[in-house]
Amino acid sequence: MDRLKYGASADTIFVLFFAVGLGALLTSYQYAPGGAEWLPAWAATVWAGVLTLSATLALVGVLWRGDEIDGWNWEIAGRPGLVGTCLSYAWGSALNLHDAGDFLGVVLFGGIAVASAFRAYGVAHRIRLFRLALRAQESAGGRL
């Protein structure tokens, strides 16, 4: 119940949804973040593809209405890739600052990376607590 109550807030759903869309758009244009124009087109495609895939996995996990553990597993599978790609985009944007408007990429992508890192830690902690509860139940002979 905790995952459904706290994991699927409107802002989380929309940020992940738009990250999927943005990642798909960046993949189709083979766009590398600022400061990484030296990357070959295939590397930029992989970079943006990881953003798309990881945001999709996290979104599926957040929206999952089946077993809580399955939802947590889907989400935890996507969060590390989301953290890495968003940090990379924030760093690339920071290297290419020309005016105050360029700072938006640093703040948005950096914020998504930090929030996803905290969420990944929180989900991993919930999985750990669940496993401990299962072990306690097993050691009590199936009774709690």
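Here is a short walk through two helices of this structure and the residues around them. Keep in mind that the model is predicted, and that local features are described only where pLDDT is at least 70.

Let's start with helix 2, residues 10-29. Its 20 residues reach 28 Å from the first C-alpha to the last, close to the 28 Å expected at 1.5 Å a residue. Four of its residues are buried, namely Leu16, Ala19, Gly23 and Leu26. These buried residues cover an arc of only 90 degrees around the axis, which puts them on the same side of helix 2. The general geometry is familiar: an α-helix has 3.6 residues a turn, so residues three or four places apart point the same way. What does the buried side of helix 2 pack against? Its partners are helix 3 and helix 4. Turn to the other side of helix 2, and you will find Phe18, Ser28 and Tyr29 exposed.

Now follow the chain out of this helix. Just after helix 2, Gln30 takes a positive phi of about 50 degrees. Tyr31 then lies in the loop that runs between helix 2 and helix 3, the latter spanning 41-63. Is Tyr31 buried or exposed? It falls in between: with a relative accessible area of 40%, Tyr31 is partly exposed, because the partly exposed class runs from 20% to 50%. Tyr31 also contributes to a nonpolar surface patch of about 430 Å², together with Leu22, Leu25 and Tyr29. Tyr29, then, appears both among the exposed residues of helix 2 and in this patch.

Next comes helix 5, residues 103-139. At 1.5 Å a residue, its 37 residues should span 54 Å, and the end C-alpha atoms are indeed 54 Å apart, so the two values agree. The buried residues of helix 5 are Gly105, Val106, Phe109, Gly110, Ala113, Ser116, Ala120, Val123 and Ile127. Which helices help to cover them? The cover includes helix 2 and helix 4, the latter being residues 68-95. Helix 4 thus turns up twice in this tour, packing against the buried residues of helix 2 and covering those of helix 5.

Two places along helix 5 round off the picture. Phe103 belongs to helix 5, and at 44% relative accessibility it counts as partly exposed. Phe103 and Ser93 are ten residues apart in sequence, while their C-alpha atoms are 7.2 Å apart in space. Beyond the helix, Gly141 follows helix 5 with a positive phi, near 75 degrees.

Note on methods:
Residues are numbered from 1 along each chain as its sequence is written. This is a predicted model: local features need pLDDT of at least 70, side-chain atom pairs count only at pLDDT 80 or more; totals for chains, interfaces and linings use all residues. Side-chain values use heavy atoms; hydrogens and water are left out. Patches are made of residues with over 30% relative accessible area and no salt bridge: like charges are joined within 9 Å, nonpolar side chains (Val, Leu, Ile, Met, Phe, Trp, Tyr) within 5 Å. Accessible areas come from the Shrake-Rupley method with a 1.4 Å probe; for residues, only the protein chains shown count as cover. A salt bridge is a side-chain nitrogen of Lys or Arg within 4 Å of a carboxyl oxygen of Asp or Glu. Buried means under 20% relative accessible area, exposed over 50%, partly exposed in between (1.4 Å probe, protein chains only). The expected span of a helix is 1.5 Å times one less than its number of residues. Contact means heavy atoms within 4.5 Å. The arc is that of the directions from the helix axis to the C-beta atoms.
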